[in-house]
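Here are my notes on this one, written as I went through the side chains and the sheet. Have the structure open while you read.

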Amino acid sequence: MIKFPDNFLWGAAASAPQTEGHALLNGKSHTTWDRWIELNPEKFNAGQGPKDTSNVYELYEADIKRMVEIGMNSYRTSISWARLLPDGKTLNKEAVAFYRDYFEKMNQAGIKPIINLFHFDMPWWLMEKGGWETRESVDAFAFYAKTAFEEFGDLVDEWATFNEPLVHIECGYLYGFHYPAIVDFKKAIQVGYHTLMAHFLAVKAYRETKQKGRIGIILNVTPTYARSEEAIDQKAKQNADLLIIKSFLDPCVLGTIPTELVDLVNEHKLTPITKTGDKEIIKDYPVDFIGINYYQPMRVQAPENPRTPAVTTSDLFAPYDWPEKRMNPYRGWEIYPEALYDVSLMMKNDYNNIPWYVSENGMGVAEEERFMNDKGIIEDDYRIEFMEDHLEQLHKGIEAGSNCFGYHTWTFVDCWSWLNGYRNRYGFYRVDLENNLERTLKKSGLWYKELSQNNGFEIGER
């Protein structure tokens, strides 16, 4: 039997834009997603947009009961900036009432709310001004954060500023996946810097409003694995580490932006515009904990024809296709649980053994109805195996002394996923899109209940 520490958090994660629904109702204003589906509906799988989510706005009370049914003791979701402050300044009283009741009922049910402030959902009024490209976004986010702390701080004692900030940076400004879907390395670096400073001013607001709990940030982090020990591949690994891992982890935990990262950015003429006093703010406001989202490893090799100055990250490091990989063919991601052990040691050895938790881990699979039995239950043994394999490695890291306090899956009920819609499903509960969003428990939910009740599991018990 693998046993986890006492008071370990067993839960799941989701976001406001992917679950709430009521996208442009109840006082909420447009986000980039609301506007983008209006502008380019063809980009969205089956035309599914933010209004087509699992309707938590109406169904949260029943969903909280379902959380209890599968043994969850915690849940991370986010607040919609555009719902709470539709114009960036004016408080939406209906939104306050909704979130307060949502969080209060979680607490009453024994579900610890971990509340994140930003999950890729930039308000449109700010995007029209340049979004994260403008310094105005830093102060606007700090005001929003302060407002959230003041309105909900009595109900929430675990906060996160951003979920996977690298995603809105890379997908919006390097890879063309999210709005504004451009490729501009210099803008990407500026967006990254403003995001970082927005995080720090939110932490500053948290300290100044004398909140009772902890504040952190959720990062998608994995150690980088190089193709070889050759100098060119190791240089690619160093570049990837600096841009993908250290760019946020180092300032948020250690209070400084790595000198090597500053040098790299300067070398390629990508230096962002900064402001006097920023270094001091970064130094003075470290986080209390880190959330780590882990799905797949990052494998790199030296780029074949790098450009200088770099035009995109592929000029600094290139993806490496490891021939021995095990794949999730539905999502196109490698399955490599061993990285969670490596993450554990990295957090212990390189980041002062700061408290951290697995804030997302999960397996997306398409057309899960293929695995439905005659009782209407999806037998997702593949998801159970995925969790077992990762938890085994996580436990190994905890045994080695890493300060991990929880494990959250993505996600609780099947949810809408950006441009992919409902193509891949991740939840413990199936959402029936054809039958009033009815929730049906999957086999993995029953397994998770036993996991939580036992605070561990028998290796190979399936």
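1. Start with the aromatics. Ring pairs join Trp 33, Trp 36, Phe 44, Phe 120, Trp 124, Tyr 179, Trp 416 and Trp 418 into a cluster. Keep in mind throughout that this is a predicted model. Across the structure, the count of aromatic pairs comes to 48.

2. Two members of that cluster, Trp 33 and Trp 36, also turn up in helix 2 (residues 32–39), where they are buried along with Thr 32, Asp 34 and Ile 37. What lies over these buried residues of helix 2? Helix 6 (124–127) is part of the cover.

3. Two individual ring pairs are worth a look. Among the 48 aromatic pairs, Tyr 102 and Phe 103 are stacked, with 5.8 Å from centre to centre and 25° between the planes. Tyr 102 is buried at 4% relative accessible area, and Phe 103 is buried at 0% relative accessibility. The other pair is Tyr 225 with Tyr 336: the ring centres are 5.5 Å apart and the planes stand at 75°, so this one counts as edge-to-face. Tyr 225 belongs to strand 7 (residues 224–226) and Tyr 336 to the loop between strand 12 and helix 13 (338–350), so the pair ties together parts 111 residues apart in sequence. Both Tyr 225 and Tyr 336 are buried.

4. Rings also have charges sitting over them. Arg 214 is placed over the face of Phe 405, 4.7 Å from the ring centre. Lys 396 does likewise over the face of Tyr 341, at 4.3 Å from the ring centre.

5. On to the charged pairs: the model has 31 salt bridges. One of them joins the side chains of Lys 112 and Asp 157, at 3.1 Å from N to O. Lys 112 is in strand 4 (residues 112–118), while Asp 157 is in the loop between helix 7 (136–152) and strand 5 (158–163), so the bridge ties together parts that are 45 residues apart in sequence. Is this pair buried or exposed? Neither label fits Lys 112, which is partly exposed at 26% relative accessibility. Asp 157 is partly exposed as well, at 28%.

6. Next, look at Arg 299 and Glu 334, whose side chains meet in a salt bridge at 2.9 Å, N to O. This pair links distant parts of the chain, with Arg 299 in strand 9 (residues 298–301) and Glu 334 in strand 12 (residues 333–334), 35 residues apart. Here the charges are buried: Arg 299 has 10% relative accessibility, and Glu 334 has 8%. Both values are under the 20% limit for buried.

7. A further buried pair is Asp 414 and Lys 442, where the closest N and O atoms of the salt bridge are 2.9 Å apart. Asp 414 sits in the loop between strand 15 (404–410) and strand 16 (424–425), and Lys 442 in the loop between strand 18 (438–441) and helix 15 (443–454), so the bridge ties together parts 28 residues apart in sequence. Both residues, Asp 414 and Lys 442, are buried. They do not stand alone: a network of salt bridges links them with Glu 368, Asp 380, Arg 383 and Arg 425.

8. Strand 7 and strand 9, already met above, belong to an open sheet of 3 strands, in the order 7-9-10 and with mixed pairing. Which strands form the edges? Strand 7 and strand 10 (318–319) do, each pairing on one side only. Strand 7 and strand 9 run parallel and are joined by 3 bridges. For a residue to check, Thr 224 has Met 298 of strand 9 as its bridge partner.

9. Last, a single residue: Ile 169, in helix 8 (residues 165–173). Ile 169 is buried, at 6% relative accessibility. What does Ile 169 contact, leaving aside its neighbours within four places in sequence? The partners are Leu 174, Ala 188, Val 191, Gly 192 and Phe 248. Gly 131 is 38 residues from Ile 169 in sequence, and their C-alpha atoms are 11 Å apart in space.

Conventions: Residues numbered from 1 in each chain as written. Predicted model: local features only at pLDDT ≥ 70, side-chain atom pairs only at ≥ 80, totals over all residues. Heavy atoms only, no water. Salt bridge = Lys/Arg side-chain N within 4 Å of Asp/Glu carboxyl O. Helix = DSSP H or I, 4+ residues; strand = E, 2+ residues; numbered from the N terminus. Buried < 20%, exposed > 50% of the residue type's maximum accessible area, 1.4 Å probe, protein only. Phe/Tyr/Trp six-rings, centres within 6.5 Å; stacked < 30°, edge-to-face > 60°. Lys NZ or Arg CZ within 6 Å of the ring centre and 35° of its normal. Contact = heavy atoms within 4.5 Å. Pairing = 2+ DSSP bridges.
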